[in-house]
Amino acid sequence: MTLAPWLQRPLRAALTLRGHAVLLDGPAGLGQLELAEALAQSWLCEQPSEQGACGTCPSCHAFGVRTHPDLFALMPEQLALERGWPLDAATQERLQRRDGKPARVIRVEATRAAVAFAQLSSGREQGKVILILAAERLNVESANTLLKTLEEPPGRLRFILATEALHQL
């Protein structure tokens with residue numbers, strides 16, 4: 001993943017943080033979604049450097065093809081489709097039947113799946129990451145579902161929340 005030059009310094013700074021959660025915010029188009037993805041990849045990388053992920057290890061490959069077993073990407077369905085993230089089988093089936101349009105909010109069902117993911121064992125040694133893109137689109141029920149896990153994550157679970165509307169969180 002090639003990161004814009006103005007995002008490389010914030011990535012290096014984020015990699016030095018010790019907490020279990022990071023909130024990235026900024027106006028639309030600034031690159032916080034790309035920064036969030038780069039940080040998630042770096043945290044899951046088997047050979048990270050101060051610059052971020054190596055881009056060549058099996059974890060980086062799995063991240064690149066959106067199949068890493070220790071990553072859960074939580075975002076509105078519409079954004080997932082735009083950014084090339086896979087949807088779960090039930091959502092794909094619902095959209096193929098044309099029972100509705102891709103959601104513009106983060107559905108509570110997806111949030112419950114993220115909480116269930118948090119309880120599973122890690123598949124690799126780097127820990128697990130829940131990546132929340134467009135975090136401002138968590139509705140009240142979704143936010144409440146996530147709150148306890150965000151406050152007290154099990155094991156080596158980390159959160160990355162990215163938003164273009166901090167005032168809506």
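How many bridges join β2 to strand β3? This tour of a predicted model begins with that pair of strands.

**First selection: β2 and β3.** Please select residues 71-74, which form β2, together with residues 128-133, which form β3. The two strands run parallel and are joined by 4 bridges. To look at one particular pairing, select Ala73 and then Leu131 in β3, its bridge partner. In general, the strands of a sheet pair through backbone hydrogen bonds, in either a parallel or an antiparallel manner.

**Second selection: the whole sheet.** Add β1, residues 21-25, and β4, residues 157-163. The sheet is open and consists of 4 strands, arranged in the order β1-β4-β3-β2 with parallel pairing. At its edges stand β1 and β2, each of which pairs on one side only. From one strand to the next, the twist averages 15°.

**Third selection: helix α6.** Select residues 108-118, the helix α6. This helix lies across β2, β3 and β4, and its direction is at about 160° to β2.

**Fourth selection: helix α7.** Keep α6 displayed and add residues 140-151, the helix α7. The axes of these two helices come within 8 Å and cross at roughly 10°. Angles under 35 degrees count as roughly parallel, and α6 is therefore roughly parallel to α7.

**Final selection: the contact between the helices.** Show the side chains of Val108, Thr111, Arg112, Val115 and Ala118 in α6. They meet Glu141, Ser142, Thr145, Leu146 and Thr149 in α7. The residues of this contact comprise 4 nonpolar, 4 polar and 2 charged.

Key: Residues numbered from 1 in each chain as written. Predicted model: local features only at pLDDT ≥ 70, side-chain atom pairs only at ≥ 80, totals over all residues. Heavy atoms only, no water. Axes fitted to C-alpha atoms, helices over the stretch in contact; angles between N-to-C directions. Parallel < 35°, antiparallel > 145°, perpendicular 65-115°, else oblique. Contact = heavy atoms within 4.5 Å. Nonpolar A, V, L, I, M, F, W, Y, C, P; charged D, E, K, R; others polar. Pairing = 2+ DSSP bridges.
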